[in-house]
Amino acid sequence: MDGKTGLALDVGAGSGRDAAALVNRGWDVVAVEPEASLRELGQNATKDKSIQWIDDQLPDLNQVRKLSYRFNLILVSAVWMHIPPTARERAFRILAELLAPGGMLVVTLRHGPSDGERVFYDVSREELEAFARHRALIPIALPAGRNDDELKRPEVSWETLAFRLRCSGYDLRAIANCMTS
């Protein structure tokens, strides 16, 4: 990131590792985790951090949307492969609608077979780039290619994509904030 902080949304926050790292970097964080046992683990691990935990999930994020927040950063790490292809366009639209002007969406894609316990769907950079074009999101250049799996699974690799919402509208304060990022 560019050092700018603000309000961040961690979708699929799991144990809270990324949410805690964001708080340590000065972000205010809303952490979303649909799995009760993981959410409890995350809440316990981050109880000394200023993180708002919510039981919610993609594609709809109904509870998050009720908050009426706009986020400067949305992190969707190791989640996209769990979303059925038929629900992905809706999920992406909702994520884009939750971004503040100039906000950034970061998505990590897992490539490789299912772990046998959960259903994984194939994912692609091209799909997300197409969704972004339809939602006025600008791709942010990141190092191209895939990264090896940290758990040393040779058949699994990871790819990170980032997009920024264009500055728009008539809210002069929001446009001014967007222009300085």
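Helices, of at least four residues, and strands, of at least two, are DSSP runs numbered from the N terminus. By this convention, P59 falls in the loop between strand β3 and helix α3, the latter spanning residues 62-66. The model described here is predicted.

The chain contains six helices and eight strands. Along the sequence these elements follow the order β-α-β-α-β-α-β-α-β-α-β-β-β-α. The chain has 181 residues, of which 43% are classed as buried. Among contacts with a sequence separation of 6 or more, 66% are formed by residues 24 or more positions apart. The exposed surface of the chain amounts to about 10100 Å², and carbon and sulfur atoms supply 49% of this area.

Strand β5 covers residues 99-111. Twelve of its 13 residues are buried, so β5 is largely enclosed by the rest of the structure. Strands β4 and β5 are paired in the parallel sense, with five bridges between them. L75 is positioned opposite V106 of β5. H111 also belongs to strand β5. The relative accessible area of H111 is 8%, which is under the 20% limit for burial, and H111 is therefore counted as buried. The side chain of H111 makes a polar contact of 2.8 Å with the side chain of E159.

The largest nonpolar core comprises 38 residues, and the members that touch the most others are I74, V76 and W80. Two or more residues of this core come from each of β1 (7-11), β2 (28-32), β4, α4, β5, α5 (125-134) and β8 (157-165). Helix α4 makes the greatest contribution, giving six residues. When neighbours within four places in sequence are set aside, V76 is in contact with V11, L58, L95, L105, V106, V107 and T108. Another core, of 15 residues, lies apart from the largest one and has A8, A19, V106 and A162 among its members.

Four aromatic pairs are present in the structure. In one of them, the ring centres of Y69 and F71 are 6.0 Å apart and the ring planes meet at 80 degrees, so the arrangement is edge-to-face. The two partners differ in their exposure: Y69, at 29% relative accessibility, is partly exposed, whereas F71, at 0%, is buried. The pair formed by W80 and F92 is likewise edge-to-face, because the centres of the two rings are 6.4 Å apart and their planes stand at 90 degrees. W80 is found in the loop between β4 (71-76) and α4 (85-97), while F92 is part of helix α4, so this pair ties together parts that are twelve residues apart in sequence. Both W80 and F92 are buried. Ring pairs join W80 and F92 with F131 and F163 in a cluster. W80 is thus a member of this aromatic cluster and is also one of the residues that touch the most other members of the largest nonpolar core.

Strand β3 consists of residues 51-54 and includes I54. The relative accessible area of I54 is 9%, and this residue is classed as buried. Although I54 and V30 are 24 residues apart in sequence, their C-alpha atoms are 7.3 Å apart in space. With residues up to four places away in sequence left out of the count, I54 touches V30, A31, V32, E33, R39, Q63, V64 and L67.

Several features of the backbone occur in loops. The peptide bond that leads from L58 to P59 is cis, with omega near 15 degrees; P59 is located in the loop between β3 and α3. L58 is also among the contacts of V76. A78, a residue other than glycine, has a positive phi, near 60 degrees. This residue is placed in the loop between β4 and α4, and A78 is partly exposed, with a relative accessible area of 29%. A136 is not a glycine either, yet its phi is positive, at about 60 degrees. A136 occupies the loop between α5 and β6, a strand of residues 137-140. With a relative accessible area of 34%, A136 is partly exposed.

Definitions and conventions
Residues numbered from 1 in each chain as written. Predicted model: local features only at pLDDT ≥ 70, side-chain atom pairs only at ≥ 80, totals over all residues. Heavy atoms only, no water. Phe/Tyr/Trp six-rings, centres within 6.5 Å; stacked < 30°, edge-to-face > 60°. Buried < 20%, exposed > 50% of the residue type's maximum accessible area, 1.4 Å probe, protein only. Polar contact = N/O pair within 3.5 Å; in protein donor to acceptor, adjacent residues only side chain to side chain. Core = buried A, V, L, I, M, F, W, Y, C linked by side-chain atoms within 4.5 Å. Contact = heavy atoms within 4.5 Å. Areas by Shrake-Rupley, 256 points an atom, 1.4 Å probe, with all protein chains shown as cover. Pairing = 2+ DSSP bridges.
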